[in-house]
Amino acid sequence: MTKEEFLQAVKYNNGLVTVVAQDYHSKKVRMVAYMNEEALLKTLETGQVYYFSRSRNELWLKGDTSGYYQYLKEIAIDCDGDALLIQIEQVGGISCHTGNSSCFYRKLDNIKVADFIEEAKKEESFLKKLENVAYDRLKNPKEGSYTNYLYKEGINKILKKVGEEACEVLIAAKSNKNDVIFEVSDLMYHLTILLAYLGLSWDDIKTELEKRG
């Protein structure tokens, strides 16, 4: 986009727009600050990065007192127009007033994220295995296979089974928890067959759900 289009796309909140400064080389996020229109214009005109200090209520040239100047390499605007991402060349390797290379030098310890990721991978791999078998039966029919029986009968039979199993889940939910597990397993199987028959996958479902946040 042109400079004029870029400037028109910026949406200021109380006269300010959020700016994320990222190192051009390492891609490390060095700091988050704010610009007003004047700071943005001076940054684009001079190539040196200017911000607006909320605490001092004034425009400031980054590095003017410390000597750790920032030079603009690239600039992008987000989809809503209310945040800027700038790629910078950081002089001296220090961006934070504390003397650290990045303002984000404090990290929360002992986050068990890895455990959740591993569990997610297990769940995903299970569905993927089931899906792989469904696609394999579709490409390489196996005599006596119930899966191939469904494929041979076609979409109406598959849809009928999905409907039946969905009803079984509802009935089981009113009676016994163990029955629910059994019936949901049947439903997931038949849904996998339906997806494979239509040339779809559980990844397509995952993508759609992620869009919904």
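This is a short guided tour of a predicted model, moving from aromatic rings to a buried acidic residue and then to two loops.

**Aromatic rings**

Begin with the ring pairs, of which a search of the whole structure finds 4. Select Tyr-51 and Trp-60, whose rings form a tilted pair with centres 5.4 Å apart and an angle of 40° between the planes. A pair of aromatic rings is described by the distance of the centres and the angle of the planes, so both values are worth checking in the viewer. The pairing counts as tilted because 40° is neither under 30 degrees nor over 60. Now colour the two residues by accessibility: Tyr-51 is buried, at 0% relative accessibility, whereas Trp-60, at 22%, counts as partly exposed, because buried requires a value under 20%.

Next, select Tyr-146, Tyr-149 and Tyr-189 together, since ring pairs link these residues into a cluster.

**Tyr-24 and two lysines**

Which residue lies over the face of Tyr-24, at 5.0 Å from the ring centre? Select Lys-27 to find it, and turn the view until the face of the Tyr-24 ring is in sight. Then add Lys-73, whose charged end also sits over the ring of Tyr-24, 5.1 Å from its centre.

Stay with Lys-27 for a moment and look at its backbone, which belongs to the loop between strand S1 (17–23) and strand S2 (29–35). Phi of Lys-27 is near 70°, a positive value in a residue that is not glycine. Most residues other than glycine have a negative phi. Lys-27 is also partly exposed, with a relative accessible area of 43%.

**A second loop**

Move on to Asn-57, in the loop between strand S3 (50–53) and strand S4 (58–61). Here, too, phi is positive, at about 55°, although Asn-57 is not a glycine. Is Asn-57 buried or exposed? At 59% relative accessibility, Asn-57 counts as exposed, because the cut-off for that label is over 50%.

**A buried glutamate**

Finish at Glu-131, which lies in helix H3 (residues 113–139) and is buried, with a relative accessible area of 6%. Show the side chain of Lys-128 as well, because a polar contact of 3.1 Å joins the side chains of Glu-131 and Lys-128, a distance within the 3.5 Å cut-off. To see what else Glu-131 touches, leave out residues up to four places away in sequence and select Thr-192, Ser-201, Trp-202 and Asp-203.

Note on methods:
Residues numbered from 1 in each chain as written. Predicted model: local features only at pLDDT ≥ 70, side-chain atom pairs only at ≥ 80, totals over all residues. Heavy atoms only, no water. Phe/Tyr/Trp six-rings, centres within 6.5 Å; stacked < 30°, edge-to-face > 60°. Buried < 20%, exposed > 50% of the residue type's maximum accessible area, 1.4 Å probe, protein only. Lys NZ or Arg CZ within 6 Å of the ring centre and 35° of its normal. Helix = DSSP H or I, 4+ residues; strand = E, 2+ residues; numbered from the N terminus. Polar contact = N/O pair within 3.5 Å; in protein donor to acceptor, adjacent residues only side chain to side chain. Contact = heavy atoms within 4.5 Å.
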